[in-house]
Amino acid sequence: MDTALPRRHIVKAACPHDCPDTCALDITVEDGRAVAVRGGDMPFTAGTLCTKVARYLDRTYAPSRILYPMKRTGRKGEGRFTRISWDEALDTIAARFSAIAAEDPQQILPVSYAGTMGLVNFAAMDRRFFHRLGATLLERTLCSSAGKAGVKITLGGSVGSDPEQVEHAGLIIIWGSNPVTSNLHFWSRCQQAKRRGAKLVAIDPRRSETAEKCDLHLAPLPGTDAALALAMMHVIVGEKLTDDDYIAQHTLGYAELAARVREWTPQRAAAVCGIGAADIAGLAREYAATRKAMIRINHGLQRHAGGGMAVRTITCLPALTGAWREPAGGMLLMTSDFYGMNHRALERPDLLRGKPRTINIAALGDALTAADPPVKAAYVYNNNPVAVCPDSRKVIAGFARGDLFTVVHEIFQTDTADYADILLPATTQLEHTDIHKSYGHFYVQASRPAIAPLGEAKPNAEVFRLLAARMGFGEPCFRDSDEDLCRQALQSAAPAMQGIDWDTLKARGWQRLNVPAAPFADGGFPTPSGKCEFYSETAKALGFDPLPGYTPPREGPTSNPELAKRHPLAFISPPHRHFLNSSFANLDFALQDAGVPTLEIHPDDASARGIAEDAEVRVFNGRGEYTLRARITDRVRHGVVSAPSVWWKKLSPDGRNANELTSQAIADMGGATTYYDCLVEVARTNLPSKAQTDEPGQQH
Ligand SMILES: Nc1nc2c(c(=O)[nH]1)N[C@H]1C(S)=C(S)[C@@H](COP(=O)(O)OP(=O)(O)OC[C@H]3O[C@@H](n4cnc5c(=O)[nH]c(N)nc54)[C@H](O)[C@@H]3O)O[C@H]1N2
Ligand SMILES: Nc1nc2c(c(=O)[nH]1)N[C@H]1C(S)=C(S)[C@@H](COP(=O)(O)OP(=O)(O)OC[C@H]3O[C@@H](n4cnc5c(=O)[nH]c(N)nc54)[C@H](O)[C@@H]3O)O[C@H]1N2
Ligand SMILES: [Mo]
């Protein structure tokens, strides 16, 4: 921080959270204290913030923040700690890591996700440290890897339409996404489009906050979206509603696709999806008839066994109708691959010693309880795995192991922090430097520290620098400063990055990527063929169907009728409007807005089980159970129950949350989690429990 600054000034920052909007922030600082957080002038988020981040000062100055290093004094999970010095904390970690690494460094596991998405503190010095150490590599798959792999097959990477253009669209299909909750600035543009006459369609098994404001809502059964997309293509191809010129010039494998979708009549898809055939055909015709038609997919629809294929399939639609020609057409999952940031320079994979094994965070519970060689040390940062990883019982059994040495670097004493041997205090975004890309718009942003770290908190990058020095890692890259890292991130020959530099970013806060408004109007997809690949050799080489297709949910009547008889309800646990995954779910203001953990259940499903409004209910399957308050509503369709998430376990009535029920099984692509591919049964709590004795083999 610059001591020559006036006593009241504004610092340019960016929201660090795992959300497509990556908002620009203006932090007002007075006498060294942040006094206001407002939206900055970056065009996509244009001055407005969500209700959570508008109250960011309540997070930064929360009395419950961890401010000093601590060591555990109670049992694991109990949450009792005593203050120690940074020297003692770092010496303890370095000594334990050195001893374990002398046996086999793969026994050390980094456990991180997206607590902050700033590149300096998300994936830079930490990766260098663990590479140099030879630790196990972590495959990070909690969120988007199935869809990312699916889009990559069709389009060649995480690329798509410019979300800023959606306000000019005539038809917007919001598919497996709830932007009112999780992509606010995209939603405000959809409303603008609606005022200009656009039609909004939501495809979601739940009448979400978004769906209820759309003109049309189709509610397919969870995990059946690919069937719906195949039937839409059946109609578009069969009725010759295609853009033949776009197909001829910019796509590959049309004849094979046409043959594939022939069998997917709307009637067939209607039976799979549980919706009307006429609705499917109607949507297909309207989509093909609208030039400026944008499809916004998000992550909800890919958290299933066939999630990758579903996204791969939906992504074929705009090339069939030529919607890519229009800036307000095409489709978007994530914008990430438009950025040509220099991740190799940040993460330094060249420091890797040998070829360490890889562990998938989707099966963290199995890894902590059964890996061979065992995990003897875990270093958790940017992540709250006890709350957010699937199959909690196993995750907790792992972290509870007496012989596991666990470091947790956190802002708050989360469910995971309670299992730490050494607990380290982390800075919030207002206290450190970072650089941001976004997965939901086209801007690069600098985030500058507004205030000094509170207490003895340190940023992630700084802790890894200090640990590297203690471990004797002499490479100069372990002495790079945060600003060095920001500059390295921008060392890139990618055309999209030209003209973007750290000094300009620091002064202005943001710069736009050099990406045209309609990136694929003239084709030029980043696939091997340069075309949109209806037929994909890449998919074939990876062992997938080279053509779009439908894979039913793993836990459903088609794949597992026995299980579906015992546990007939599809359980989804989508993001809560007042939380950000498990972040904010400990802060008074968010908890007041959120109320109590609830289960939305359809009136027919409730009455069949004798469940009344507000009754305490037990939700259970072979993996676990927890209790919730019933909300009887036709917001969810018959056969589906929904529990907005992710609540902290220790702040929930029975100390548990939705991930007691979810499975470690992975999706078809990207090694991804399948949170919403999960069958359950629901009962009133005053009925006898069956969950503990039920099918012990159901974990996978
Ligand atoms: N307020 C808030 N904002 C957030 C988050 C948060 O926790 N809270 N989390 C952030 C993160 S990390 C992410 S990844 C995004 C996630 O946000 P989104 O990508 O929007 O994804 P979800 O909210 O998981 O799911 C969106 C919708 O998909 C529906 N859905 C579930 N299964 C299916 C299905 O099989 N098919 C279809 N068509 N729809 C389905 C759900 O009912 C839900 O309404 O939001 C980010 N923003
Ligand atoms: N049942 C169910 N489970 C889900 C989901 C769901 O929809 N349903 N959604 C999944 C999705 S999409 C995602 S992305 C994952 C998210 O999982 P996570 O990435 O673990 O997200 P959070 O729960 O927000 O936890 C992040 C933690 O990082 C901490 N943190 C923030 N900034 C920093 C920092 O600078 N340094 C350090 N050391 N720590 C920091 C925060 O305080 C917070 O406790 O959860 C998944 N889990
Ligand atoms: Mo996510």
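Which backbone N or O atom lies 2.5 Å from a nitrogen atom of ligand 1? In this predicted model, that atom belongs to Phe579. Taken alone, ligand 1 exposes 900 Å², and the protein buries 99% of that. Oxygen atoms of the ligand have polar partners too: one is 2.5 Å from a side-chain N or O atom of Asp204, and one sits 2.7 Å from a polar backbone atom of Asn581. Asp204, Phe579 and Asn581 are among the residues that come nearest to ligand 1, along with Asp225 and His299, out of 31 around it. Sorted by class, this shell holds 13 polar, 11 nonpolar and 7 charged residues.

Now for the nonpolar cores. The largest one counts 151 residues, and Phe97, Phe129, Trp175 and Ile435 touch the most other members. Helix α8 (residues 225-238) supplies the largest share of this core, with 11 residues. Nonpolar side chains tend to be buried together in soluble globular proteins. Setting aside neighbours within four places in sequence, Ile435 is in contact with a string of residues, including Leu119, Val120, Met341, Val444, Leu490, Trp502 and Leu505. Gly118 and Gln445 are also among the contacts of Ile435. A second core, separate from this one, has 33 residues, among them Val29, Tyr56, Leu580 and Phe584.

Then there is Asn460, found in helix α19, which covers residues 460-470. Asn460 has a relative accessible area of 7%, so it counts as buried, the cut-off being under 20%. Not counting residues up to four places away in sequence, Asn460 touches Thr116, Asn121, Tyr381, Asn382 and His409.

Terms used: Residues are numbered from 1 along each chain as its sequence is written. Chains are lettered from A and ligands numbered from 1 in the order in which they are written. This is a predicted model: local features need pLDDT of at least 70, side-chain atom pairs count only at pLDDT 80 or more; totals for chains, interfaces and linings use all residues. Side-chain values use heavy atoms; hydrogens and water are left out. Helices (H or I, at least four residues) and strands (E, at least two) are DSSP runs, numbered from the N terminus. Buried means under 20% relative accessible area, exposed over 50%, partly exposed in between (1.4 Å probe, protein chains only). Contact means heavy atoms within 4.5 Å. A residue is near a molecule or strand if one of its heavy atoms lies within 4 Å of it. A polar contact is a pair of N or O atoms within 3.5 Å; within protein, one must be able to donate a hydrogen and the other to accept it, and residues adjacent in sequence count only if both atoms are side-chain atoms. Accessible areas come from the Shrake-Rupley method with a 1.4 Å probe; for residues, only the protein chains shown count as cover. Ala, Val, Leu, Ile, Met, Phe, Trp, Tyr, Cys and Pro count as nonpolar, Asp, Glu, Lys and Arg as charged, and the others, Gly among them, as polar. A nonpolar core is a set of buried Ala, Val, Leu, Ile, Met, Phe, Trp, Tyr and Cys residues joined through side-chain atoms within 4.5 Å.
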